[in-house]
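I opened my notebook to write down, entry by entry, what I looked up in this structure. I wanted each entry to stay with one topic before moving on.

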Amino acid sequence: MSALAANRLPMNRLLAGFDSLQGLQHALERLHEAGFVVLETYTPGPVRAEDSGSRLPLAMFAAGMAGFVGCFGLMTYADVVAYPLNIGGRPAFAWPAFVPIAFEVGALCAMVAGFLGCFMVCRMPQLYDPVDECDSFRRASRDGWFVAIQTGDPDVAARARTLLDALQPTSVEAFCA
Amino acid sequence: MNIPGMNIASPDATMSPRLRAPRFDDPVVDPRLTSASMTDRICSIALRSQSYPWWWLAFIPSMALAMLLVVSIAYLFYAGIGIWGINWPVMWGFAILSYVWWIAIASGGTIISALFFLTGAEWRTSLNRIAESMMLFGAAAAGIYPILHLGRPWFFYWLFFYPNTMTLWAQFRSPLLWDFWALVTYVFASILFWFLGLVPDFASVRDRATGIARQRIYGILACGFRGTGRQWLNLRAAYGVMAAIMAPVVVSIHSIVGLDFAGAATPGWHTTEFPPFFVFGALLSGFSIVLLLIIPLRRLLGIEDMVTGRHLDVLCKLLLTSSLCVSYAYLMDAFTTFYGGDRAERVMFIERALEYYRYVYWGTVLFNCVLPQVFWSRRLRLNQPVIVSICLCVVVGMWLERYEIVVTSLHRPNLPSAWGTYHATFWDWSTLLGTVGMFLSGILLAVRYLPIVSMHEMRTLIATTKARNGVSGAA
Amino acid sequence: MPLAAIFRPAANFASKVALLVVVAVVSIGAAFWWLWPRMDYARHVRAVVAQPVPFSHQHHVAGLGIDCRFCHASVEISSNAGLPPTHTCMTCHSQIWTNAAVLAPVRDSWARQAPITWHRVTDLPDYVYFNHSIHVAKGVGCESCHGQIETMPLTYKAKTLTMGFCLSCHRNPAPHLRPAAAVYDTAWTRGPETPSPMALMQVNHVPDRELTDCSLCHR
Amino acid sequence: MTSREKLWRSLEQAAEDPAFLAHAAQEFPGLAAALAEPLGRRQVLRLMAASIALGGLAGCDAKYGGNLIPAVTIPPNIIPALPNFYATAHVLDGYASGVVVKHVMGRPVKVDGNPEHPASLGAIDVYGQAQLLDFYDPDRSAEIMQGSSPAALANLDAVFSDQRAQLAAGHGAGLRILTGSVTSPTVIAQIEAVQRQYPEAQSIQWDPISRDAGRKAASLAYGRALDTIAHLDKADVLLSIDGDLLSSAPGRLRYARDFASRRNPSRTASMSRVYAIEPTPTLIGSVADHRFIAGPADISRITLALAASILDNAPTTAEPGWLAPLVTDLKAARGRVLMHVGAAQPPELHALALQINEALGARGVTYDLIEPPAPQALLQADAMAALIADMHAGKVRHLLIVDSNPLYTSPRSWGCAEALKRVPFSVTLARQYDETARATTWFVPHSHDWEAWSDARAYDGTVTVLQPQALPLYGGLSAHQVLGLYLAAPPMSTEESVRRIWAANLAGHSTDGWSEALARGVIPGTASAASGARLRSDLRADFRTDLPSGAGAPATGAPGTTIPPITAPGDRLTLLLRADPNLWDGRFANNPWLQELPRPLTKVVWDNPVLIAPALAARMQLTNGDCMRLSIDDASVVAPVWIMPGQAPDCITALLGSGRRAAGSVGDDVGVDFYPLTGLTGAVALGKTRDRVALASTVHHDLLMETPSEILRHGTLAQFHADPHFAATAHSEPHLYRTVPAGPAAWGMSIDLNACIGCNACIVACQAENNISVVGKAQVLREREMHWLRIDRYFEGGVDAPESFFQPVLCMHCEEAPCENVCPVGATVHDAEGLNVMVYNRCVGTRFCSNNCPYKVRRFNFYGYARQQTRPAQSWNPDVTVRARGVMEKCTYCIQRIAEARIEADRDSRPVGEVRTACQNACPTQAFTFGNLADATSLVAERKRSSLNFAMLEGQGTRPRTTYEALVRNPNPAIKATRG
């Protein structure tokens with residue numbers, strides 16, 4: 001327990017680790033039944049396999065479309081309205097020639113939107129988080145499946161510990177936030 | 001631990017792939033691996049306190065070459081592109097052909113990491129990071145050429161279009177402009193795609209790191225990724241869609257590079273088959289470079305149990321396939337030339353195949369079409385020395401192919417009075433070698449300091465294979 | 001090993017700040033890159049250039065009402081408006097202000113038959129071939145490009161003279177035209193009796209050609 | 001050197017630098033000059049300085065600031081940025097051809113032909129145009145030299161005053177004046193004046209490129225020297241034996257015009273037929289209908305046979321087979337034939353030609369005999385040899401050498417160098433401190449023809465007054481001034497002396513006539529009248545008709561007529577030494593334009609390889625660039641070879657004029673000096689050496705193929721009569737879209753392949769007008785020459801006797817230009833009048849446009865070539881942007897001229913008038929026609945309606961604005977195996 005945490009508020013959270021996804025999932029069910037407030041899970045891989053609750057793909061599609069249309073429009077404006085020039089006797093509105101760049105710019109917009117969007121919704125960069133104080137937490141990026149729950153007053157904490165200990169956790173640790 | 005299916009294989013199949021020669025029936029990942037052991041091993045590579053001797057042996061010459069690139073560029077900007085071998089009929093030379101070559105290499109990486117991600121190929125998981133690094137540094141090497149090759153490089157920004165005081169815009173009909181934008185998109189997209197995939201692994205390294213400096217550095221790179229449910233959900237979603245975008249982008253950039261030539265009326269260029277032809281080329285060079293990278297690395301980094309015989313087998317099959325595609329393209333090239341009945345085209349093709357540059361042409365055919373045929377043999381698909389030598393030939397062959405497309409097409413234009421020849425100068429070569437140095441230095445740095453296998457994807461893979469084996473074992 | 005959080009809580013704030021800085025630097029850089037060529041400073045607009053003789057257009061034009069063509073004699077026949085030779089200055093200044101200190105360089109030039117070296121105020125790149133004669137012939141006033149010259153005690157560049165500036169007129173000349181008589185009239189303003197812009201196009205015989213062709217100015 | 005550094009300073013500095021001002025001093029000839037007081041000049045030069053600051057030198061990078069330096073007093077006739085034109089003449093070996101010099105702000109920037117001048121008719125040759133660079137040449141010497149140390153004009157005066165005393169004492173014994181051929185009445189008068197004052201003085205005229213044979217022949221045939229003037233427009237059948245009518249004969253420009261007037265069947269009722277018999281390819285041979293290859297030996301034999309069958313109606317011998325039909329053709333066209341023998345052939349053949357022409361009744365129709373414009377020694381070479389002998393003998397005490405470089409050009413066997421050592425006092429008057437100047441006791445810088453008054457006669461005798469275009473840039477004295485030094489009486493001003501001589505012709509109106517003569521560039525009524533001399537009946541009696549095969553008199557070894565061909569006893573290999581088509585006798589060696597001008601047939605630049613026949617090359621296993629040792633007697637020269645299709649196998653051709661040692665920074669040590677082999681009579685022995693020289697040719701591969709009809713279309717007169725449209729394409733390509741430029745004008749060009757004689761005048765004209773850089777041999781070897789206009793040369797048929805074709809290629813200004821839609825920044829676009837515009841300052845240098853140009857007419861600045869030029873800043877054309885490094889450039893149809901025309905037309909609110917491109921102006925044969933296609937009455941529109949009109953690479957669908965008229969040749973149906 002680091003010096004930092006010592007002069008902090010009372011330990012009002014618990015971090016419980018399990019050595020498998022199944023263990024974690026089981027624990028989550030029990031915690032829910034017992035009506036504990038599950039704050040967050042920290043896992044070495046996705047907890048639910050492939051399901052999409054994320055709105056990012058939609059955002060990326062929108063950005064991509066915007067990029068495509070905007071770029072295509074700009075090119076059309078430039079060649080048809082702003083400064084029409086006779087280029088090798090080709091028509092001013094040479095729309096097929098506008099497609100490639102519009103596509104590339106659209107794709108770029110989508111990629112950027114996805115990247116920034118992802119960081120935003122993931123609340124990154126978040127260099128410090130109270131849970132970092134837990135010694136066991138380092139395993140979360142290796143093979144430890146962790147759940148953090150809210151424990152207001154000590155007796156709730158006690159109940160939580162007893163419940164968790166019954167689930168063969170690899171570790172249970174209190175921390176404060 | 002009982003591994004089902006092993007009983008049919010020869011006894012030594014139970015040995016770890018790290019201790020024996022690769023086999024076609026190797027699992028994509030050694031069942032002995034666990035998330036923990038895999039993660040620790042990969043992180044330990046990035047966290048080594050001092051580098052391997054072989055690493056220095058490779059890195060110092062690479063860096064020297066990269067320095068040569070700096071010198072070449074400095075002199076180029078000082079003296080002008082007259083220092084290159086380009087001339088009146090052959091206005092494009094090494095700069096463009098090396099650009100195309102590098103782009104193809106980079107694209108190969110993208111195809112493995114993005115396209116096969118979408119197809120859910122399991123063997124792709126452990127190669128993903130290497131392939132993406134290859135994409136990144138290949139794109140970087142390619143990316144400098146379009147600016148270097150300009151007569152007045154300091155005006156390169158005229159290719160962006162924005163309201164300026166001249167009220168001038170770009171010329172959107174030019175394939176070169178398409179190419180410029182495809183390249184800009186490709187380079188930026190590659191970086192984002194590559195980095196997003198790295199974030200969870202940086203987190204793993206951060207948490208294994210000792211010493212405040214490393215912890216902080218990897219901590220910053222990990223941007224505070226902690227594997228929360230929300231992070232996993234969105235990161236996987238974003239990564240998936242990005243992969244879905246990278247796939248068409250990589251196809252588009254290579255088609256557009258093809259259009260740089262097909263869009264011109266020049267004999268030898270003016271053919272509609274170029275866009276797919278160039279994509280085939282990208283596949284071929286991509287697979288060969290990946291093989292060239294993983295074969296030494298799996299040994300040197302001791303990851304034979306993650307990059308197994310199965311990987312070699314698959315990649316060689318793919319290399320053979322793309323070689324067949326390329327061969328088809330060459331055949332069509334010849335066919336359309338003579339079927340089309342344009343005099344200049346015919347003359348140019350005959351000159352290309354039989355005259356001054358004939359060695360380039362036939363070298364291309366030998367390296368890209370003939371040699372890869374050995375991979376019809378399963379035994380040779382696992383013979384690492386053979387694979388390496390074939391892949392080296394293919395890499396050279398792909399470069400020769402671009403030489404043939406760029407130079408030999410240009411040296412025989414419509415008017416016989418304008419015919420000429422092209423000879424590279426020292427500065428052509430120094431620039432090319434310089435980019436090779438830059439590429440290798442980049443790869444080596446990545447190997448040394450980055451998690452060279454995508455750990456979070458490997459963890460999933462290990463889990464799923466375990467699950468599958470458990471099921472089949474019960475059956 | 002004693003494990004502890006790698007970062008302090010402050011790191012979160014620091015990282016946010018860092019991000020903001022990066023964004024700021026990039027956007028400010030871009031903005032400057034875009035704005036710089038549009039700045040009067042970069043274009044030397046309203047920058048007074050020191051001359052061997054502090055010649056005042058205000059005095060000679062507004063004050064004495066000397067016609068532009070008296071000094072810029074070839075403006076109607078040549079691409080080059082022409083700069084007055086010392087001889088032109090001396091036509092008057094051999095009679096008046098014969099020993100004014102400011103005019104010493106002029107008298108000296110005449111005495112030594114050595115030219116006066118003036119410093120350029122209005123400059124176009126060498127690859128732009130501007131022709132004065134055609135512009136004045138079609139009713140483009142001096143003022144359109146040289147500004148309110150009659151208000152300049154010391155001469156400065158009045159307009160940006162960017163390509164955009166030229167095109168703004170070449171794309172739609174009509175509003176910039178004057179009656180032939182008013183081309184050199186610094187005081188002229190469009191009045192009720194002035195023909196409409198379209199009428200001026202007719203009167204001044206502005207040719208029916210593509211005025212935004214590159215070949216018009218670049219050779 | 002120093003002068004060049006000055007010239008290369010930034011313009012602002014330069015304009016204020018007094019040294020620069022002095023150098024750049026200009027003058028106003030013509031009307032103004034008659035009145036201008038000396039003050040006027042200094043003022044103009046200031047104006048000129050100003051003009052430079054006012055954007056005279058245009059570059060591709062914008063820079064703010066700079067100075068404006070107006071004149072103190074504006075001289076008359078000078079309007080800033082508007083051109084002035086002054087007539088004068090270009091003199092080569094004494095013969096004048098009228099030119100008009102274009103000045104901007106008082107500095108010459110371009111030379112064109114003078115339409116009023118009979119020898120020019122507006123056309124101009126490469127030498128005439130290259131004068132511009134000679135005039136500005138920074139290597140021109142500015143210092144009087146005594147021995148090898150600089151001296152002042154005062155010293156010269158002093159020395160001459162006691163020289164005058166000495167000479168006067170001896171009545172001028174030992175005084176010799178050596179000049180090139182002189183037709184200038186003023187100079188002749190002055191020399192006569194000198195000879196009056198010093199009776200013993202002798203004057204010698206000598207040119208290394210000799211025309212003695214003609215004079216000798218005339219004296220044989222008519223008892224005195226007469227000049228022959230051809231009227232090719234009158235000749236139905238032209239027989240040219242080793243002819244130089246179109247290449248080096250005086251009046252060649254006029255001849256070319258007349259020649260072309262009978263070559264395009266769609267315009268001339270009766271097309272002429274041209275036979276050429278020659279040992280080495282010449283221009284006229286290349287455009288002839290029949291070119292027969294005959295070595296020097298055969299030529300004499302054939303000519304004799306010809307003479308026999310025409311003069312004595314002897315039955316023509318069986319061989320060669322074509323002789324009989326040729327004779328028949330000649331006889332059939334009686335009275336409308338011309339037989340011409342080239343200057344390189346011996347006098348006897350010339351005499352025969354004169355006789356045959358008379359016999360065929362051609363005299364007075366297809367040619368005239370005139371009194372020579374200026375008296376000449378019958379055999380210059382003999383006179384020169386005698387002079388050198390006198391020098392050896394120590395008889396020469398005082399030698400003045402004007403406009404001649406004997407130490408370089410005289411046969412080494414004569415020992416001019418040693419002889420000169422024995423002359424106590426010798427003066428060279430030359431522009432460069434050349435080979436001879438370094439050997440004489442005194443050197444005086446010679447003012448350029450544009451820097452002094454003089455006069456000269458054309459090939460037909462017409463007189464042009466040479467008026468100065470500028471004050472001497474590098475000081476220097478004119479020939480008149482130097483000759484004046486010999487006369488005790490202070491000489492009158494040169495202008496005065498010239499005027500005085502012509503007062504008579506211009507009588508009646510004193511000033512006006514003079515001014516008009518200056519303005520028009522000719523003095524009326526000065527052409528020589530046709531001579532009535534009668535042919536000697538016993539002509540052939542007194543010269544040997546049993547000419548030793550191997551051609552003639554010279555073989556006897558008397559340094560007689562032309563530089564003698566040499567016959568080796570063993571293999572009968574003859575060395576032909578000819579004037580260089582670019583460098584002439586070497587006097588233009590320091591001219592970068594001419595050094596980099598592709599030789600018409602070999603396209604070789606910066607070198608003068610020996611031309612050998614393919615057969616010989618095969619026998620000796622030689623390829624282009626292999627070095628051979630040519631030795632005659634004890635003289636030998638090592639030179640690279642060039643395989644010349646159509647060269648006679650029993651002779652090799654070498655060009656004189658290269659390998660200068662003291663020409664200047666450009667010309668020194670370029671190529672090989674063949675003068676050591678002149679004047680020798682022994683056998684020429686060939687020895688292969690191990691050396692190789694990289695020869696720079698603008699045809700970058702040696703290839704002989706059938707010219708595809710999509711590129712160059714040609715046929716015979718028979719074909720044309722059968723179907724006048726035989727060359728036109730019937731079908732028209734389908735198209736998706738078609739944008740027709742709005743206009744008002746529609747610029748286009750038509751090039752008549754029947755007229756093009758490959759003389760290169762257009763190339764130099766283009767280079768001069770458009771500020772095209774010279775890149776040097778190394779860059780040409782790397783295929784980076786910059787000429788916007790090139791003349792493609794195609795061979796067809798066997799290597800030994802191919803048919804050759806010329807095709808000028810410049811930007812086609814395609815309406816659907818492939819270059820435009822591949823440029824990413826729109827640096828090359830179309831304008832409303834159909835011009836394919838290249839906007840240099842927008843170009844970023846991707847070079848895609850060049851890759852996509854089917855005609856490969858685009859040139860790229862791989863380096864900053866413009867910055868490397870040796871020409872001073874003020875010699876550039878101020879109306880054309882000087883292209884920077886990394887920028888593409890190409891033919892613009894002389895857009896600066898179009899722009900000026902547009903502006904003038906718009907200013908006066910009238911439709912645009914005639915615009916002539918530089919190439920069109922220069923072309924002697926009017927092969928180029930440029931103009932406004934929108935105007936159906938324009939000449940170009942008419943030419944495009946010609947039945948021969950075709951577009952190059954029509955299949956590309958580029959719809960070029962430049963089209964060609966197909967080449968039609970008129971072979972004699974009776975001669976089967978046409979060529980050779």
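Entry 1, domains. I began with chain A of this predicted model, and found that chain A is divided into domain 1, made of residues 3-44 and 145-175, and domain 2, made of residues 56-121. I then looked up how far apart these parts sit, and noted that 49 Å separate the centres of domain 1 of chain A and domain 2 of chain A, taken over C-alpha atoms. I turned next to chain C, where domain 1 covers residues 7-38 and domain 2 covers residues 57-83 and 118-217. For domain 1 and domain 2 of chain C, I wrote down that the C-alpha centres lie 45 Å apart.

Entry 2, a sheet in chain D. In what order do the four strands of the open sheet in chain D run? I read the order as S12-S11-S10-S13, with parallel pairing. The edge strands are S12 (290-293) and S13 (337-341) of chain D, and I noted that each of them pairs on one side only. Neighbouring strands of this sheet are turned by 10° against each other on average, with direction ignored. I reminded myself that strands of a sheet pair through backbone hydrogen bonds, either parallel or antiparallel. I then followed one pairing in detail: strand S11 (residues 273-278) of chain D pairs with S12(D) in the parallel sense, over four bridges. Within that pairing I looked up Ile277(D), and its bridge partner in S12(D) is Phe292(D).

Entry 3, chain D against chain B. How many residues of chain D are in contact with chain B? I found 51 residues of chain D in contact with 52 residues of chain B. The area buried between chain D and chain B is about 4300 Å², and carbon and sulfur atoms give 55% of that area. On the side of chain D, Arg842(D), Asn851(D) and Arg885(D) lose the most area to chain B, and together they account for 17% of what that side buries.

Entry 4, polar links across the same interface. I looked for salt bridges between chain D and chain B, and the rule finds one. The side chains of Arg343(B) and Glu710(D) meet in a salt bridge, at 3.2 Å from N to O. For polar contacts, I wrote down a count of 36 residue pairs between chain D and chain B, with both residues at pLDDT 80 or more. Last, I listed the elements that give two or more residues to the side of chain D that touches chain B, and these are strand S31 (790-796), helix H27 (848-851) and strand S35 (859-860) of chain D.

Key
Residues are numbered from 1 along each chain as its sequence is written. Chains are lettered from A and ligands numbered from 1 in the order in which they are written. This is a predicted model: local features need pLDDT of at least 70, side-chain atom pairs count only at pLDDT 80 or more; totals for chains, interfaces and linings use all residues. Side-chain values use heavy atoms; hydrogens and water are left out. Domain bounds come from an automatic or database domain assignment. Two strands pair if DSSP finds at least two bridges between them. Axes are lines fitted to C-alpha atoms, for helices over the stretch in contact, and angles run from 0 to 180 degrees between N-to-C directions. Contact means heavy atoms within 4.5 Å. Buried area is the accessible area (1.4 Å probe) that two parts lose on being put together, summed over both. A polar contact is a pair of N or O atoms within 3.5 Å; within protein, one must be able to donate a hydrogen and the other to accept it, and residues adjacent in sequence count only if both atoms are side-chain atoms.
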